[in-house]
Amino acid sequence: MVTGRRSFLLAAIAAAYLTTCCALSSNTAAAVTTTTTTNSCSSPLISTEDIQKISQGGVAIIPNWLPPHLITAMHDDAQQLFQDGQFRPDGLTNTAIKEQGFSKKADRQTFRGGAGWDSDIGDLKTRQEFADRMKELRIQLAQSLNRPTLGEDGKLKHEMTYNWYEPGAKLGRHLDEHHEETKGPTGWMTPTRRSVTWLVYLNEGWTKEEGGALRCLPRSDASIQKNTVQVGCHEGNLQVGWINDGVDPVFLDVFRESGGAALYQINNNSAEREILSVMDFDVPAQPIDFSKFLKEDIRESFAQISTSRLDPRFANKDAAANNNNGAISQHDFDCSDEPTILDVTPVAGTLVVFDSVSLPHLVREVTGKRQRIAATGWFHEDSQFSIEM
């Protein structure tokens with residue numbers, strides 16, 4: 001039962017509270033120190049304007065960001081690793097296989113499933129040079145976005161890999177991160193979560209006709225420009241939706257004094273929380289419809305970011321099957337009916353960065369005759385709490 005899960009969480013958190021808080025305080029202080037030192041010695045790798053885009057839920061797209069020598073060396077490294085059998089399918093789920101017509105060839109493949117960037121195979125020197133550049137970017141983002149734990153290193157902190165799409169491969173609409181409570185009992189068992197998504201393309205001379213575009217589904221430019229509250233997370237509480245035509249983010253707090261959860265927004269004038277839910281509630285199992293917990297005058301303007309229809313890879317397959325909403329049909333796989341679409345052609349050297357929690361996206365089918373190759377990954381922040389089992 002959900003109530004039982006919440007009681008388990010609260011009991012475990014109470015037992016570990018002092019240890020966790022001390023660790024977070026220590027790590028945060030270290031991250032701020034590191035950020036100040038590193039940024040004083042290097043030039044910014046991303047502009048203030050692009051930082052603002054990420055903060056407001058937009059997409060930062062920076063052409064020619066990666067030096068040519070790294071583009072060539074990393075492309076060659078990925079190809080050699082693929083020939084050596086070091087890639088494997090990564091995006092497949094039972095729902096994707098049954099409902100979206102995926103096969104191993106049609107799925108995204110990653111270098112050692114995303115776990116091998118520091119492996120002593122291939123061109124490790126080149127990958128380390130790239131990792132150093134990405135660390136500089138991460139530290140700048142930690143400071144500029146005021147996400148201090150983003151700047152820390154650690155085994156479970158950050159993900160970095162190569163992505164490989166064969167001709168015909170694609171990836172359905174999804175989010176890269178979800179609120180821990182919506183993941184069920186395992187949601188609080190990892191100490192970090194994805195915070196910032198990044199991609200760097202390695203395809204020389206790639207054209208629109210070859211397909212494989214990253215299709216982002218942001219809100220309208222007008223909504224983004226009106227936004228004054230940073231998207232994704234507020235005081236550890238992750239975002240689950242929008243109100244007021246996509247202007248204001250809606251956050252989920254599951255650690256209320258009542259033992260229940262509440263949905264809220266941040267008042268633009270007072271910076272205080274405004275509770276949007278009728279009363280505190282228990283977060284149900286997937287599929288979740290948060291609108292039913294909202295006050296009636298708010299409900300109509302609420303847009304949930306992730307649902308079993310829009311994000312079938314996240315919704316559990318049994319719930320999806322029972323609701324007949326388990327997957328986006330082949331007809332609208334590309335989400336062509338969305339009001340705002342931003343396609344990014346995967347041209348070599350281009351850096352793309354966005355918030356992992358708030359931006360739905362997909363990869364359109366590769367229609368050309370060669371592989372679509374990129375370096376991709378996620379910078380992590382600390383979760384509010386984690387439970388050691």
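In which sense do strand β3 and β4 pair, and over how many bridges? Before selecting anything, keep in mind that this is a predicted model.

**Stop one: β3 beside β4**

Start by selecting residues 109–111, which make up strand β3, and then add β4. The two strands pair in the antiparallel sense, over two bridges. To find the pairing in your viewer, click on T110, which stands opposite N163 in β4.

**Stop two: β4 itself**

Now select residues 158–165, the whole of strand β4. Six of its eight residues are buried, so β4 is largely enclosed by the rest of the structure. Here buried means under 20% relative accessible area.

**Stop three: β4 beside β17**

Keep β4 on screen and add residues 372–382, strand β17. These two strands also pair in the antiparallel sense, here over eight bridges. A handy place to look is M160, which stands opposite G377 in β17.

**Stop four: a four-stranded sheet**

Next, turn to an open sheet whose four strands run in the order β5-β16-β7-β14, with antiparallel pairing. Select 171–174 for β5 and 342–344 for β14: these strands stand at the edges, each with a single partner strand, so one side of each is left without a neighbour in the sheet. On average, neighbouring strands of this sheet are turned by 15° against each other, direction ignored.

**Last stop: β5 beside β16**

Finish at one of those edges by showing β5 together with residues 361–363, strand β16. How many bridges join them in the antiparallel sense? There are two. Zoom in on H174, and you will find H361 of β16 standing opposite.

Key: Residues numbered from 1 in each chain as written. Predicted model: local features only at pLDDT ≥ 70, side-chain atom pairs only at ≥ 80, totals over all residues. Heavy atoms only, no water. Buried < 20%, exposed > 50% of the residue type's maximum accessible area, 1.4 Å probe, protein only. Pairing = 2+ DSSP bridges. Axes fitted to C-alpha atoms, helices over the stretch in contact; angles between N-to-C directions.
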